[in-house]
Amino acid sequence: MSAEERAVGLPRPEGVDSWEGARAVRVVVADDQAVVREGIVMLLGLLAGVEVVGSARDGEEAVALTAELAPDVVLMDLRMPRCDGVEATRRIRERHPGTEIVVLTTYADDDSLFPALRAGARGYLTKDAGGEEIVRALRDVTDGRAGLSPTVQRRLLEQLLERGEGPGRAGPAGGTVPGSVDPAVTAAPVVPEADGLTERETEVLVLVADGLSNQEIAGRLRISTATVKTHINNLFAKTGVRDRAQAVRYAYQHGLVRAPGRRVT
């Protein structure tokens, strides 16, 4: 295997060192399909705020490149030969805790999602994610937040609700168990104006909880994606949440949604 096959280094695009004042995220891409891997490398090479430092054809190469290059993030496919993405994730997180893992896969089923998260993946995206969503996930995990797509957030919440583990379930001695569902919380909506949310911000929050992307929210409300981002930034500031996952939980805790994708009326 040649050095070029083992690690693909790309020139850094002009201005890549600036992402709201932060340095570029150094990334290794791991995918067994050459066309897909090269396409991801090419896409990331065009995005400000990302530097692709290497690419791997399977989990074994991903582990080896992580040891050699110490990337900030490995963008990991799951179904690969020799060593799959879940096992590679486990090894990297055990041996190189400074490197985060964002899964980028075709599959969003439970058999793929939960083993990857248990192995230590901090982010999980499907391959229909756009460049903006990928970069956001990379930045989120390097900043200590979860980098989960809206679809994955929704699936996790569905699992919590199915198991009776959503926000506020009564625990021993009359307490509550964090991350569980309290029927009293979801039985009646809280007036959103109590936190200063406008009607439009509340609508956006409900659609975020429904798993919609910014572009989908813009289409649903017939506003621009820039306006959606403004509303999201405002509601984040007003509610004190840091990311979409926390915003979804806020919506459930405050009775704005009763079940996945359904608004309380």
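## Helix H9 and what follows

The buried residues of helix H9 are Glu201, Thr202, Val204, Leu205, Val206, Leu207, Val208 and Ala209. The model you are looking at is a predicted one. H9 spans residues 199–209 and is mostly covered, with eight of its 11 residues buried. Just past the end of this helix comes Gly211, whose phi is positive, at about 90°.

## The sheet

Let's turn to the strands. Six of them make an open sheet with parallel pairing, and reading across it gives the order E2-E1-E3-E4-E5-E6. At the edges sit strand E2 (50–56) and strand E6 (147–148), each of which pairs on one side only.

Strand E3 (residues 73–76) pairs with strand E4 (residues 100–105) through four bridges, in the parallel sense. If you would like a landmark for this pairing, look for Leu75, which stands opposite Val102 in E4. As a general point, side chains in a regular strand alternate between the two faces of the sheet.

## Strand E1 and its partners

Strand E1 (25–30) is worth a visit of its own. Five of its six residues are buried, so E1 is largely enclosed by the rest of the structure. E1 runs parallel to E2, and six bridges join the two; one place to see this is Val25, whose bridge partner in E2 is Val50. E1 also pairs with E3, again in the parallel sense, over four bridges. Here Val27 has Val73 of E3 as its bridge partner.

Two helices help to complete the picture around E1. Helix H2 (residues 34–45) joins E1 and E2 in a β-α-β unit that is right-handed. Helix H3 (residues 59–69) lies across E1, E2 and E3, and runs at about 135° to E2.

## Asp31, in the loop after E1

Where does Asp31 sit? You will find Asp31 in the loop between E1 and H2. Is Asp31 buried or exposed? The relative accessible area of Asp31 is 0%, which is under the 20% cut-off, so Asp31 counts as buried.

Which side chain makes a polar contact with that of Asp31? The partner is Lys127, and the polar contact between the two side chains is 2.7 Å. Beyond its neighbours within four places in sequence, Asp31 touches a wider set of residues: Val36, Arg37, Ile40, Ala56, Arg57, Asp77, Met80 and Lys127. Lys127 is therefore a good residue to display alongside Asp31 when you look at this buried loop position.

How values were computed
Residues numbered from 1 in each chain as written. Predicted model: local features only at pLDDT ≥ 70, side-chain atom pairs only at ≥ 80, totals over all residues. Heavy atoms only, no water. Pairing = 2+ DSSP bridges. Contact = heavy atoms within 4.5 Å. Axes fitted to C-alpha atoms, helices over the stretch in contact; angles between N-to-C directions. Buried < 20%, exposed > 50% of the residue type's maximum accessible area, 1.4 Å probe, protein only. Right-handed = clockwise from strand over helix to strand, strands pointing away. Polar contact = N/O pair within 3.5 Å; in protein donor to acceptor, adjacent residues only side chain to side chain.
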